[in-house]
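Let's take a walk through this fold, one piece at a time. Keep the viewer open and follow along.

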Amino acid sequence: MRVEPAPDAAEREMLGQYLDYQRATVLAKTDGLTAGQLARPHPPSSLTLAGLLYHLALNEESWMEVHFAGLPERAPWIGVDWDADPDWEFRTAATLGPDQVRQRYLDACERSRAVSAAADSLDQLSADDRDGQRFTLRWVLLHLLEETARHAGHADLIREAIDGETGE
């Protein structure tokens, strides 16, 4: 369920609320669809709703758990040769059932919230570095917000192409 972010929330809470709003938007675009509908691309794009959910789950887990918190990668991402198969998560998602791909995303988001809540502040630096620089919790939350919102727009178009469903 989407909850409007509070206009008077503190920065950390507000970032989390905006991210949760976009997460809920993406999930809403997949409600009630079959595995075939979730896996159907809509040319000229090869994107699918299942692929978007799995890609966003990977982003949540990669950025918050692995790069920010320094936790080990989770299956199924371990050992994927991203250079040989850069669209692995998009391709693999088409083989999963609706409940499985949605639950993976829900679980990844819940674990991201836990990592964020455990951080000392928005200024806490990541365990990992990116191009020789560590990043703050604020940066990773904004990065996930941007990534999720961008794909929420893609999901709008894909869902409309599937069954005509429009709206936020």
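## Ground rules

Helices here are DSSP runs of H or I with at least four residues, strands are runs of E with at least two, and both are numbered from the N terminus. With that in hand, T95 can be placed: T95 is in the loop between α4 and α5. One thing to keep in mind while you look around is that this is a predicted model.

## A loop residue out in the open

Is T95 buried or exposed? T95 has a relative accessible area of 65%, and the cut-off for exposed is over 50%, so T95 counts as exposed. A polar atom of the T95 side chain sits 2.6 Å from the backbone oxygen of T92.

T95 also has a partner in space from elsewhere in the sequence. T95 and A50 are 45 residues apart along the chain, yet their C-alpha atoms are 9.1 Å apart.

## Helix α1

Helix α1 covers residues 11-28, which makes 18 residues. At 1.5 Å a residue the helix should span 26 Å, and the end C-alpha atoms are indeed 26 Å apart, so expectation and model agree.

Which residues of α1 are buried? They are L15, Q17, L19, Y21, Q22, R23, A24, T25, V26 and L27. The cover over these buried residues includes α3 (49-68), α5 (98-118) and α6 (137-163).

## Two nonpolar cores

Nonpolar side chains tend to be buried together in soluble globular proteins. In this model, the largest nonpolar core has 26 residues, and L49, Y54, V101 and Y105 touch the most other members. At least two residues of this core come from each of α1, α3, α4 (88-93), α5 and α6. The top contributor is α3, with eight residues.

To see one of these well-connected residues up close, click on V101. Setting aside neighbours within four places in sequence, V101 contacts L38, A50, L53, Y54, A93 and L96. There's another core apart from the largest one, with 14 residues that include M64, F135, V140 and L145.

## Aromatic pairs

How many aromatic pairs does the structure hold? There are six. Take W63 and F135: their ring centres are 5.5 Å apart and their planes meet at 70°, so the pair is edge-to-face. This pair links distant parts of the chain, with W63 in helix α3 and F135 in strand β2 (residues 133-136), 72 residues away. Both partners count as buried: W63 has 13% relative accessibility, and F135 has 6%.

W77 and W88 make another edge-to-face pair, with 5.9 Å between centres and 80° between planes. Here W77 comes from the loop between α3 and α4, W88 comes from helix α4, and the two are 11 residues apart. W77 is buried at 3% relative accessibility, and W88 is buried at 16%. Zoom out a little and you'll find a cluster in which ring pairs link Y54, W77, W82 and W88.

## A buried histidine

Last stop is H55, in helix α3. Its relative accessible area is 12%, and buried means under 20%, so H55 qualifies as buried. What does the side chain of H55 make a polar contact with? The partner is the side chain of E147, at 2.7 Å.

Beyond residues up to four places away in sequence, H55 touches E89, F90, E147 and H151.

Methods
Residues numbered from 1 in each chain as written. Heavy atoms only, no water. Expected span 1.5 Å × (residues − 1). Buried < 20%, exposed > 50% of the residue type's maximum accessible area, 1.4 Å probe, protein only. Contact = heavy atoms within 4.5 Å. Core = buried A, V, L, I, M, F, W, Y, C linked by side-chain atoms within 4.5 Å. Polar contact = N/O pair within 3.5 Å; in protein donor to acceptor, adjacent residues only side chain to side chain. Phe/Tyr/Trp six-rings, centres within 6.5 Å; stacked < 30°, edge-to-face > 60°.
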